[in-house]
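Subject: Structure for you to look over

Dear colleague,

I am passing on the structure we spoke about, and I would be grateful if you could open it before reading the notes that follow.

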Amino acid sequence: MLLERRDFLSSLTLASAATLFTGSSLLAATAPKKDKLGIALVGLGYYSTDLLAPALQLTEKCHLVGIVTGTPAKAETWKTKYNIPDKNIYTYQNFDRIANNPDIDIVYVVLPPSMHREFVVRAAKAGKHVFCEKPMAPSVADCEAMISACKSNKVKLAIGYRCQHDPNIQAYMKVAKEQKFGKVKMVNSAAGYVDNRTTHWKQNKALGGGVMGDMGVYALQGARLATGEEPISVIAQASTTRPEIYKEVEETMMFMLDFPSGARAACQTSFGINMNHLQINYEKGWVKMEPQSGYSGNKGSMSDGTIINFPIKSQQAKQMDEDCLAIMNNTDLIAPGEEGLRDIRVVEAIYKSVKSGQSVKI
Ligand code: NAD
């Protein structure tokens with residue numbers, strides 16, 4: 001009888017401990033160190049299907065263990081293709097239960113941008129580290145809420161800026177850092193492709209569409225990474241050649257940035273033009289990249305004859321492995337939430353400038 005009572009009391013203590021600590025922090029405290037972290041992809045659209053899931057077959061520090069989807073048919077296909085157990089398959093509604101799943105260490109949010117904030121915050125509250133696709137969110141306020149949720153839940157937040165993990169991009173970042181050709185004078189940066197879809201989220205303002213957040217962040221990153229500086233002002237102009245498709249959001253955005261050192265950048269992004277290049281003119285030389293933000297094959301040259309052409313097996317696999325190592329070793333991420341926020345701060349200023357027709361301070 002006494003023993004039974006003691007058992008009852010100890011199970012009570014455990015139960016109240018479990019309510020005091022979230023399920024996930026209890027699990028984290030007792031979990032053995034893993035060789036590979038478990039990733040759950042949220043949103044099984046194009047990028048998850050064609051790029052991230054295949055890359056997760058090549059990663060060494062993480063693997064695909066879970067999915068979150070609103071489409072039962074997709075759950076069936078993924079379950080079979082990637083051998084995902086039923087217990088690791090969630091819907092958008094029951095997603096928060098992921099907190100009690102020790103298989104899943106990282107939640108990778110691959111949804112339309114307007115949904116990033118909600119799912120990043122829910123993942124953080126569930127005690128999971130978070131990877132979030134670009135653009136981080138439609139507003140600075142969203143980005144700040146996401147960073148704060150991850151900080152207060154003591155989880156890391158990485159933005160899916162795959163290019164920053166690419167040695168070809170790192171090569172021109174190094175030129176700025178080392179001032180190999182002196183100061184940067186002028187950057188020309190462009191990223192665009194022809195998108196003929198009419199009802200996708202990219203054409204929908206409420207879902208976070210518009211070319212600026214989508215391809216525009218690559219043009220912007222080109223300028224920011226080429227100078228190694230943050231812009232202090234911007235003047236921008238939006239336009240469309242297909243108002244029947246681009247009713248709510250811009251088809252093309254052109255923007256000019258001023259940097260503290262005096263460097264300037266002319267940037268273009270479009271859903272109506274195939275373009276992807278970067279030219280950096282320094283005091284004593286130049287660097288040209290084309291393409292500058294492809295999934296593969298980014299390459300370029302420098303005025304002193306240096307060729308930038310480092311082969312890379314999978315940008316996304318490298319990105320996820322490096323971000324996982326930062327989580328495992330508790331070191332700095334290459335592109336944390338703060339880096340996503342830096343871009344969105346400029347994106348907000350760009351839209352302000354379009355509205356006012358004036359230059360906007362950042
Ligand atoms: P997609 O439209 O192909 O997929 C979006 C997914 O979200 C789908 O599975 C869809 O079912 C789901 N979804 C849930 N609610 C939705 C809603 N209300 N409206 C629309 N879709 C909804 O988009 P995608 O191209 O895979 O893009 C997803 C994210 O990945 C975006 O943030 C995008 O910018 C990013 N992305 C990044 C890269 C990169 O190179 N880093 C490339 C492509 C896309």
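How far is an oxygen atom of the ligand from an N or O atom in the side chain of Y218? The distance is 3.0 Å, and please keep in mind here and below that this is a predicted model.

With the ligand in view, you will find that the protein covers 81% of the 830 Å² of accessible area that the ligand has on its own. The surrounding shell consists of 23 residues, of which Y46, E133, K134, R162 and H200 are the closest. By character, that shell comprises 13 nonpolar residues, five polar ones and five charged ones. The backbone takes part as well, since a backbone N or O atom of K134 is 2.7 Å from an oxygen atom of the ligand, while a polar backbone atom of L44 lies 3.3 Å from a ligand oxygen.

K134 deserves a second look, as the peptide bond that leads from K134 to P135 is cis, with omega near -15°. P135 itself sits in the loop between β5 (129-132) and α6. Another cis peptide bond is the one joining E290 and P291, where omega is about -5°, and P291 belongs to the loop that runs between β12 (285-289) and β13 (300-302).

Following the chain through α6 brings you to the loop between α6 and β6 (157-159), which is where K154 is placed. Although K154 is not a glycine, its phi is positive, at about 55°.

Helix α6 also has a packing partner, and two packed helices are described by the angle between their axes and the distance between the axes. Helix α6 (residues 140-152) packs with helix α11 (residues 337-356) at an angle of about 170°, and their axes are 9 Å apart. Angles over 145 degrees count as roughly antiparallel, and α6 and α11 are therefore roughly antiparallel to each other. The crossing that these two helices, α6 and α11, make is left-handed.

With best wishes

How values were computed
Residues numbered from 1 in each chain as written. Predicted model: local features only at pLDDT ≥ 70, side-chain atom pairs only at ≥ 80, totals over all residues. Heavy atoms only, no water. Near = heavy atom within 4 Å. Polar contact = N/O pair within 3.5 Å; in protein donor to acceptor, adjacent residues only side chain to side chain. Areas by Shrake-Rupley, 256 points an atom, 1.4 Å probe, with all protein chains shown as cover. Nonpolar A, V, L, I, M, F, W, Y, C, P; charged D, E, K, R; others polar. Axes fitted to C-alpha atoms, helices over the stretch in contact; angles between N-to-C directions. Helix = DSSP H or I, 4+ residues; strand = E, 2+ residues; numbered from the N terminus. Parallel < 35°, antiparallel > 145°, perpendicular 65-115°, else oblique. Left-handed = near helix turned anticlockwise from the far one by under 90°.
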